[in-house]
Amino acid sequence: MQLAAFPRIRLGHLPTPLEFMPNLTKLLGGPNLYIKRDDCTGLATGGNKTRKLEFLVAQALDQGADTLITQGAVQSNHARQTVAAAARVGMQSKILLEQRVQDADEEYDQSGNVMLDHLMGGEVVARLPAGTDMQAEMEKLAQTLRDAGRKPYVIPGGGSNPVGALGYVSCAHEMLHQAYDMNLRIDHVVHATGSTGTQAGLVVGLRASNSGVPVYGVSVRAPKEKQEENVWKLVQATVDYMGLPAGSVERSDVVANSDYVGEGYGVPTEGMIEAVNLLARHEGILLDPVYSGKGMAGLIALVRAGHFKKDENVVFIHTGGAVGLYGYRRFFHK
């Protein structure tokens, strides 16, 4: 499995730390909890999308593109990192934002990621209603730019296609090397799963490496069956894109739990608020309210329910996005 065969541009501070969380482990009474700090990838406050963008932007440059187009929710970590990547390589960026969170206040609409999008020169072309076919809207924008003589490159939401998923195939390799150096046996990997690219890449990378490490996704949006099917489709596409043998990954390798979504994407839950507070106050680690907060809420609930054995080692993938907390200040600042 030769990732070197695929174009890549270095954007992140890699490898990111793999750290033990002694205080949270003690507080919850085991298992041994570790965290992979992909909030430390370094690109405009970091996050998991940076790994994907290393491959996506490299392909865009190879194709002679001059503009990156992408989409996401208003407080999109992916949009912010895409704008930063465009600034780094001297390209323009245009983003479409979907108003998925209803009854949002001004802080949500203007602070956090939105502020940084503007600060780094990203153009918010439109804010569109929830349920809009965002891929179709991006394609329309791309065609408008082509008609004007520009060369746009369209990045799907979350950077989640086979090219972007390579970022987390690479992360799987990186994490296994770190574990070897630490003499650490990884028994489980847990993370927040949304647009599917992170989970698909981890599943392919860990399975193709014959690591035997299972990946457990905590969904932040879709129901279990839909989330697992979406991840599985991208797993298959990534296996094919990489030229791996058919059957390298099995359907049973894709597991998602949607019990911690709450009322919907981006809508706070008591579990998320508790998880953000626990990590901040016991480990000095900032989670985000949409992805890693709900992912950690799921992990905490699973630990309390006895899902893991006391002596097992569980790695949580921190996907970043703490800047989004500013848009949710009223839920934490009492």
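Which residue's side chain meets that of K36 in a salt bridge? In this predicted model, the partner is E174, and the N to O separation of the pair is 2.6 Å. K36 belongs to strand β2 whereas E174 belongs to helix α7, which spans residues 162–182, so the contact ties together parts of the chain that lie 138 residues apart in sequence. Both ends of this bridge are withdrawn from the surface by the accessibility criterion, since K36 is buried with a relative accessible area of 0%, and E174 is likewise buried, at 14%. The pair also forms part of a network of salt bridges in which K36, D38, R51 and E174 are linked.

Across the whole structure, the search returned 19 salt bridges. Strand β2, which covers residues 32–37, contributes R37 to another of them; here the partner is E19, with the closest N and O atoms 3.1 Å apart. Because E19 lies in strand β1 (residues 18–20), this bridge connects parts that are separated by 18 residues in sequence. R37 counts as buried at 13% relative accessibility, whereas E19, at 30%, counts as partly exposed.

A further salt bridge joins the side chains of E123 and K94, for which the N to O distance is 2.4 Å. E123 is located in strand β5 (residues 123–129) and K94 in strand β4 (residues 92–99), and the pair thereby links distant parts of the chain, 29 residues apart. With 37% relative accessibility, E123 is classed as partly exposed, while K94 is buried, its relative accessible area being 10%.

Methods
Residues are numbered from 1 along each chain as its sequence is written. This is a predicted model: local features need pLDDT of at least 70, side-chain atom pairs count only at pLDDT 80 or more; totals for chains, interfaces and linings use all residues. Side-chain values use heavy atoms; hydrogens and water are left out. A salt bridge is a side-chain nitrogen of Lys or Arg within 4 Å of a carboxyl oxygen of Asp or Glu. Helices (H or I, at least four residues) and strands (E, at least two) are DSSP runs, numbered from the N terminus. Buried means under 20% relative accessible area, exposed over 50%, partly exposed in between (1.4 Å probe, protein chains only).
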